[in-house]
Amino acid sequence: MKQVVTFGEIMMRLSPPLNLRLTQAASLDVTYGGGDANVAAALAQLGQPAAHAGCFPDNDLGRAAAQHFQRLGVDMHSCVFRGQRLGLYFLEVGASLRGSKIVYDRADSAFANLDPAWFNWDEILKDAQWLHWTGITPAISASAAQATREAIQAARRLGITVSADVNYRRNLWQYGQKAQDVMPELVAGCDVVVCTEGDAEDLFGIRPEEGREDRFVSMCEQLQQRFPQIKQVIATRRETQSASHERIRGLLYDQGAYHETTPYDIVPVIDRIGGGDSFISGFIYGWLHFDQDPARALGFATAASALKHTIVGDINLVTAAEVEHIVQGNVTGRLLR
């Protein structure tokens, strides 16, 4: 099988144990994650070959982060080791009425200071069938945005499917360019996008038509009119009951056809970070392995995302068989012997 390739920053994640607050913590648990790389790692667990391209500092922290993903089966040969700083983020895991909280410490990271010329995309994508990126990557720096642009252009030349989670993070865009000026050109080169009504309005000025009850469909119709390359728009609909209780369902607009899954009720939520990454990785896997059946791919994606909420860390450490077990309605969590 050909690879799915992702591109983006990987950070060290530091979390207090036992639901402690950051102000209480005497120690921090260490793991690693990044919106794009999480997709590659989840796909590797499902059995789909995946590779990641990125930039790490040339020190022990950079090598530890890269090795974390390599141990999970991700091909890291296209990563560059230059610079001095690995981005960090601190996660305080909430419970019940108290929401989780993230503090970022990622300014001036090695990835933010990358040179686009370090990445030969024709070479990186030579064994690929799919390229995935998120809106976080072009938000980090002008050079990261240019590298993303070049990756998409290479994928289009090579006839490779391109997907993006537009993932608008307002506070990340700090280098003098607006998301509204950068993202449209990048999204125009995508076949599949993860996009909610809120992101479509913030990034592209697209609003559901007045009086339409099917607001998601209205948004998707306008998105595809503006960006004809897009074939599918997917999203999760999240109903947050508390930090420990979520209901999620999957939505898909596929060139005029609308699909929606039944909801999954997740309680208790162990860790919701990476739920969206698990959703798109599940969709990519489902599309590639289920004869491009949109409804089946959406169902697999939503079940994968639901399972991620039960797993500590950024990455969805589940097999395809475990996801299929949920798809088939086995949601009671019975002991398996």
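## Pockets and aromatic pairs in a predicted model

The largest pocket holds about 1200 Å³ of space. Forty-eight is the count to keep in mind for its walls: of the 48 residues lining this largest pocket, Tyr104, Ile136, Asn167, Arg169 and Asp277 are the closest to its centre. Keep in mind, too, that this is a predicted model.

Which elements each supply at least two residues of that lining? They are α1 (35–46), β7 (88–92), β8, α4 (136–140), β12 (232–242) and α9 (275–289). By residue class, the lining of the largest pocket splits into 19 nonpolar, 16 polar and 13 charged residues.

Then there's the second largest pocket, with about 620 Å³ of space. It is lined by 22 residues, and the closest to its centre are Leu307, Ile326, Asn330, Val331 and Gly333. Here the elements giving two or more residues to the lining are β15 (264–266), α10 (294–308) and α11 (320–327). The lining of the second largest pocket divides into 14 nonpolar, five polar and three charged residues.

One of the elements around the largest pocket, helix α4, deserves another look. Pro138 has its place in helix α4, and Pro138 is buried, with a relative accessible area of 0%. In space, Pro138 and Met183 sit 7.9 Å apart, C-alpha to C-alpha, although 45 residues separate Pro138 from Met183 in sequence.

Now for the rings. Searching the whole structure turns up 13 aromatic pairs. Two of them are set side by side here.

| Pair | Centre to centre | Angle between planes | Geometry |
|---|---|---|---|
| Phe7 and Phe119 | 5.4 Å | 70° | edge-to-face |
| Phe216 and Tyr258 | 6.2 Å | 55° | tilted |

The Phe7 and Phe119 pair links distant parts of the chain, 112 residues apart: Phe7 is in strand β1 (residues 3–7), while Phe119 is in the loop between β8 (101–105) and α3 (121–124). Are these two residues buried or exposed? Both Phe7 and Phe119 are buried. They also belong to a wider group, as Phe7, Phe111, Phe119 and Trp121 form one aromatic cluster.

Why does the other pair in the table count as tilted? The planes of Phe216 and Tyr258 are at 55°, and only planes under 30 degrees apart count as stacked and those over 60 as edge-to-face, so what remains is tilted. Phe216 lies in helix α8 (residues 215–226) and Tyr258 in strand β14 (residues 257–260), so this pair ties together parts that are 42 residues apart in sequence. The two partners have their own burial values: Phe216 is buried, with a relative accessible area of 4%, whereas Tyr258, at 35% relative accessibility, counts as partly exposed.

There's a charge over a ring as well: Arg296 lies over the face of Phe290, at 3.8 Å from the ring centre.

Finally, the overall picture. The secondary structure of the protein chain comes to eleven helices and 15 strands, and the C-alpha trace spans about 50 × 50 × 40 Å along its principal axes. How does the radius of gyration stand against what a compact globule would have? For 337 residues such a globule would have one near 20 Å, and the protein chain, with 19 Å, agrees. Buried residues make up 55% of the 337 in the protein chain.

Methods. Residues numbered from 1 in each chain as written. Predicted model: local features only at pLDDT ≥ 70, side-chain atom pairs only at ≥ 80, totals over all residues. Heavy atoms only, no water. Phe/Tyr/Trp six-rings, centres within 6.5 Å; stacked < 30°, edge-to-face > 60°. Helix = DSSP H or I, 4+ residues; strand = E, 2+ residues; numbered from the N terminus. Buried < 20%, exposed > 50% of the residue type's maximum accessible area, 1.4 Å probe, protein only. Lys NZ or Arg CZ within 6 Å of the ring centre and 35° of its normal. 1 Å grid on protein atoms, 1.4 Å probe; cavity = no way out; pocket = protein on both sides within 12 Å on 5 of 7 lines; lining within 4 Å. Points joined across faces, edges and corners; volume = space filled by probe spheres on them. Nonpolar A, V, L, I, M, F, W, Y, C, P; charged D, E, K, R; others polar. Rg over C-alpha atoms; globule rule 2.2 N^0.38 Å.
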